[in-house]
Amino acid sequence: MSNKTAAAEPEKTHTEQQEKPQGAPRKKRILSGIQSTGVPHIGNYLGAMRHWVAEQDMYDNIFCVVDLHAITVPQHQNPKELHANTRNMVAMLLAIGLDPEKAPVFVQSHISAHAELAWMLGCVSSLGWLNRMHQFKSKAGEDRENATAGLYTYPVLMAADILLYDTNLVPVGDDQRQHIELTRDIVLRFNEHFGKTFVLPEALIREHGARIMSLTDPERKMSKSEPDGAISMLDTPTQIKKKYARAVTDSQTSIVFDLERKGLYNLLSIYQSFTDKSAAEIEEHFAGKGYKELKSELTDLTVAVFEPFQRKYNEYIGDKATLEHLIAAAADKVRPRADATLKRAQKAMGLG
Ligand code: AMP
Ligand code: TRP
């Protein structure tokens, strides 16, 4: 796969030209997604979600809870659980401060264009491209024969999510970099073959917090499927304290950013993401102090950020009617754009 052509922005698509108000600079469109596979953790929050909230005035935003992606692995094919997890994830995104007026949060399966465009994009994606995807390799593990076809084509569905909304920037954690490169390859191939149809998106990956590691195994990415190594956004103060207390460190004593000391480095990265302080400031702050102080400060920081979110989250969960209304309104808001892009792509391909 190439991303050398990355810098070349394609000409404006038909939709973009139509929608740009006269004289007003159009805000860049950002779109991101999160799977409804369980409660999000500090990795999701620091790597992605907090930026979505902090920057919602800067961009034209769309967020998507990707339930069609969640079902790519059999453990998330429990219908009741999936349905509840999808609602819970929307509630959490609203609880952290996404404003439905500025940043609609819709459910992927409510917009049928995602699955339709994914099929079309799958027909311009090479097997060779998909064979290189790290996430498939790590999620399929040793037992590849039993991995689902959906897991294999997961990145093509993600490309459809992004392209349906003429997205410019995709704010994600570092693990999604390769999927966005694939999306770009799909755009370049499609536009070259069928004419300028899609906007070429770019990944927006931050320097800090884009890859938070497991607290129990700092060689592995923190993940929803390993709750012991992850601090969930619904953990109680006692659970948070316990998880930091058990976090793997080493037998040295100085508190410094040292990539070789992976456990400590991860804890310091979390600290840095929460405080936005420089590495030098943090090292100075902890000079002469030990892991106990670091872990205790981390506990306080995390509890202070998550407690208000948890209160709001419980309010949304306790008011199902409002939540369902917001979910339906978000789908109604984004559907016309998705349908227009799908039509454009169908026409370009000669379908229908
Ligand atoms: P997922 O839960 O896999 O749908 O991920 C949702 C968002 O969180 C994506 O932008 C991921 O890149 C990001 N993310 C997931 N795990 C981590 C992690 N350990 N560190 C930083 N970002 C993460
Ligand atoms: N694959 C992403 C993840 O696991 C989730 C996702 C699905 C996504 N569609 C997207 C992220 C579109 C950004 C844009 O985290």
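Mentor: Let's start with a term: a polar contact is a pair of N or O atoms within 3.5 Å. Keep in mind as we go that this is a predicted model.

Trainee: Okay, let me try it on a ligand. How far is a nitrogen atom of ligand 2 from an N or O atom in the side chain of Asp161?

Mentor: The distance is 2.6 Å, and the cut-off is 3.5 Å, so the pair qualifies. Tyr154 also offers a polar side-chain atom, 2.6 Å from a nitrogen atom of ligand 2. For Gln176, a polar side-chain atom sits 3.0 Å from a nitrogen atom of this ligand.

Trainee: And which residues come nearest to ligand 2?

Mentor: There are 13 residues around ligand 2, and those that come nearest are Gln35, Tyr154, Met158, Asp161 and Gln176.

Trainee: What about ligand 1: how many residues surround it, and which are the closest?

Mentor: Ligand 1 has 18 residues around it, with Gln35, Gly173, Asp175, Ile212 and Lys224 the closest. When you read the polar pairs, check whether the protein atom belongs to the backbone or to a side chain. Gln35 uses a polar backbone atom, 2.9 Å from an oxygen atom of ligand 1. With Gly43, a backbone N or O atom is 3.2 Å from a nitrogen atom of the ligand. Asp175 uses its side chain: a polar atom there lies 2.4 Å from an oxygen atom of ligand 1. Gln35 is worth a second look, since it is listed among the closest residues for ligand 1 and among the nearest for ligand 2.

Trainee: Let's move on to charged pairs. How many salt bridges does a search of the whole structure find?

Mentor: The search finds 16. To read one, look at the distance, then at where the partners sit, then at how accessible they are. Take Arg87 and Glu324: their closest N and O atoms are 2.9 Å apart. Arg87 belongs to helix H4 and Glu324 to helix H14 (residues 320-349), so the pair ties together parts that are 237 residues apart in sequence.

Trainee: Is Arg87 buried or exposed?

Mentor: Buried: its relative accessibility is 11%, and the cut-off for buried is under 20%. Glu324, at 33%, counts as partly exposed. Leaving out residues up to four places away in sequence, Arg87 touches His110, Leu323, Glu324 and Ile327.

Trainee: Which other salt bridge could I practise on?

Mentor: Try Asp57 and Lys102, whose side chains meet at 2.9 Å, N to O. Asp57 is in the loop between helix H2 (42-54) and strand E2 (60-66), and Lys102 in the loop between H4 and strand E3 (105-107), so this pair ties together parts 45 residues apart in sequence. Asp57 is partly exposed at 48% relative accessibility, and Lys102 is partly exposed at 34%.

Trainee: And where do the partners Arg211 and Asp174 lie?

Mentor: First the distance: their side chains form a salt bridge of 3.6 Å, N to O. Arg211 is in the loop between strand E5 (202-204) and helix H10 (237-246), while Asp174 is in the loop between strand E4 (169-171) and helix H9 (177-194), so parts 37 residues apart in sequence are tied together. Arg211 has a relative accessible area of 41% and is partly exposed; Asp174, at 24%, is partly exposed too. Salt bridges can also share partners: Asp57, Asp99 and Lys102 are joined into one network that way.

Trainee: Now the nonpolar side. What's the general idea?

Mentor: In soluble globular proteins, nonpolar side chains tend to be buried together. Here, the largest nonpolar core has 55 residues, and Ile42, Met49, Leu93, Tyr244, Ile270 and Leu294 have the most contacts inside it. Helix H13 (residues 291-318) gives the largest share, eight residues.

Trainee: Why does this core lie between the domains?

Mentor: Because domain 1 (14-210 + 319-349) and domain 2 (227-318) both give residues to it. Tyr244 is a good residue to click on: its contacts include Ile42, Ile270, Phe274 and Lys295. Apart from this core lies another, of 45 residues, among them Leu117, Ala159, Ala338 and Leu342.

Trainee: How many residues does each domain bring to the contact between them?

Mentor: Start with the centres of the two domains, which are 29 Å apart, taken over C-alpha atoms. The contact takes 20 residues from domain 1 and 21 residues from domain 2.

Note on methods: Residues are numbered from 1 along each chain as its sequence is written. Chains are lettered from A and ligands numbered from 1 in the order in which they are written. This is a predicted model: local features need pLDDT of at least 70, side-chain atom pairs count only at pLDDT 80 or more; totals for chains, interfaces and linings use all residues. Side-chain values use heavy atoms; hydrogens and water are left out. Buried means under 20% relative accessible area, exposed over 50%, partly exposed in between (1.4 Å probe, protein chains only). Contact means heavy atoms within 4.5 Å. A nonpolar core is a set of buried Ala, Val, Leu, Ile, Met, Phe, Trp, Tyr and Cys residues joined through side-chain atoms within 4.5 Å. Helices (H or I, at least four residues) and strands (E, at least two) are DSSP runs, numbered from the N terminus. Domain bounds come from an automatic or database domain assignment. A salt bridge is a side-chain nitrogen of Lys or Arg within 4 Å of a carboxyl oxygen of Asp or Glu. A residue is near a molecule or strand if one of its heavy atoms lies within 4 Å of it. A polar contact is a pair of N or O atoms within 3.5 Å; within protein, one must be able to donate a hydrogen and the other to accept it, and residues adjacent in sequence count only if both atoms are side-chain atoms.
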